[in-house]
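Student: I would like to learn how to read a pocket and then a sheet in a model. Where do we start?

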Amino acid sequence: MSELRESSQPSIRGEVVLLLDQLLQRALEHRASDLHIEPKDRMVRVRLRVDGVMIEQRPVRQSYGAQLISRIKVLGQMDIAERRLPQDGTFTFMAKNNTPVAVRASTFPCIGGEKAVLRLLIGARVKALADLGATVRQVNTLRRLVQRPGGLILVTGPTGSGKTSTLYALLDQIDTERRNVVTLEDPIEVELPNITQGQVDPKSGFTFGLGLRSILRQDPDVILVGEMRDLETARIAVQASLTGHLVLSTLHTNSAADTMIRMIDMGLEPYVVANALVGVVAQRLVRTLCPACAELHETDPELIAEIGFEQAGLEQTLESAGCARCMTTGFKGRTAIYDVVPVDDDIRTVIKTAKAGPAVKRVLQQKNLPTLRRAGLDLVLAGLTTLEEVLRVT
């Protein structure tokens, strides 16, 4: 585990200030997306989320726990006296290289006190679709979809699968000089030029539903809705897509086929879903191998059998060994794998007539579109990740 120095000379308040700075700096050095500080019986547990996986760090003395939480609340402009309710706040941390890093802080009452999770928004910028991991064929398909004058494009996947990055990359393909683009997000992760961005605030009544209805009075061409969380938002978004607006949004589903069925399950009519959808993008993030310690091994036959279909060339694959450069994880960095489905007449017909997922999946299989697992296997064959990692996320 990593060593965290704690000064014994200054007052405990000064020690806590220094300790939190050290924790944040350590998180930055290891490319962590989140820093977890959690009170336990005899110590304060510290963990980092690196490439989507939690990594244990050296714990902090229990006596520092409450002071650390108070320090975080002060920085995030939260109520220090309130310990019974969850709170959220934001602040800016100055890294060693004098780069400001936005930090989103969340506290949560639990056994032993309060847990804090700090989300580090490091160098937030828009990446191109190809840089995110999409193939040339998928990039061309997505470019055609976002040039349409109207319709609904959904990006799907679990929490932390990179959906927001994909939405921003799609917006980057749009001519924002000639088209009025308005977004409704929670939160705004990247500020985009030539685009009107709005952030919901449920505490003040600014919900996705209210915001979306207001956006429709702003003469939009393209609308980005951060997430379809309820039937009201879904209905307004679908209606907007049917009346000449291009709508981009996200949904928490496992696959493109599941997305189409989920919209019907939410309460939308099948024929409305069929007419509104123009494309569905399912995605996952897979960890990429550390180039310093990846080694060629015989592939476990049980893993190959778990794929579910025939795939040549997997007899020997690279595996993660682990070294100091990758914190002994064997991986360094992540890339996305995609399942891009343009919705055509065949798919619309089956959405209108069938409410069962298998029927939609059969149509997609007939079109021979690459699935998430097949996209992941391409990365395995290219030596970029492991078969076990692909099976883990798909």
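Tutor: With a pocket, in what is a predicted model. The second largest pocket has 21 residues in its lining, and those nearest its centre are Asp339, Gln365, Thr371, Leu372 and Arg373.

Student: How is such empty space found, and what is the volume of the second largest pocket?

Tutor: A probe the size of a water molecule is rolled over the atoms, which shows where empty space is left. Here the second largest pocket comes to about 570 Å³.

Student: Which elements give two or more residues to its lining?

Tutor: Helix α8, strand β16, α12 (357-366) and α13 (372-381) do. By residue class, the lining holds nine nonpolar, six polar and six charged residues.

Student: Strand β16 is one of those elements. What is the strand order of the sheet that contains β16?

Tutor: For a sheet, read the order across the strands, then the pairing. The order is β10-β9-β11-β12-β8-β13-β16, an open sheet of seven strands with mixed pairing. Its edges are β10 (196-199) and β16 (331-342), each paired on one side only. From one strand to the next, the twist averages 15°.

Student: In which sense do β9 and β11 pair, parallel or antiparallel?

Tutor: Parallel: β9 (residues 181-185) and β11 (residues 222-225) are joined over four bridges. For one of the residues, Leu184, the bridge partner in β11 is Val225.

Student: Which strands does helix α8 touch?

Tutor: Helix α8 (residues 256-265) packs on the sheet and touches β8 (151-156), β12 (246-251), β13 (277-289) and β16. The direction of α8 makes about 135° with that of β13.

How values were computed. Residues numbered from 1 in each chain as written. Predicted model: local features only at pLDDT ≥ 70, side-chain atom pairs only at ≥ 80, totals over all residues. Heavy atoms only, no water. Pairing = 2+ DSSP bridges. Axes fitted to C-alpha atoms, helices over the stretch in contact; angles between N-to-C directions. Contact = heavy atoms within 4.5 Å. 1 Å grid on protein atoms, 1.4 Å probe; cavity = no way out; pocket = protein on both sides within 12 Å on 5 of 7 lines; lining within 4 Å. Points joined across faces, edges and corners; volume = space filled by probe spheres on them. Nonpolar A, V, L, I, M, F, W, Y, C, P; charged D, E, K, R; others polar.
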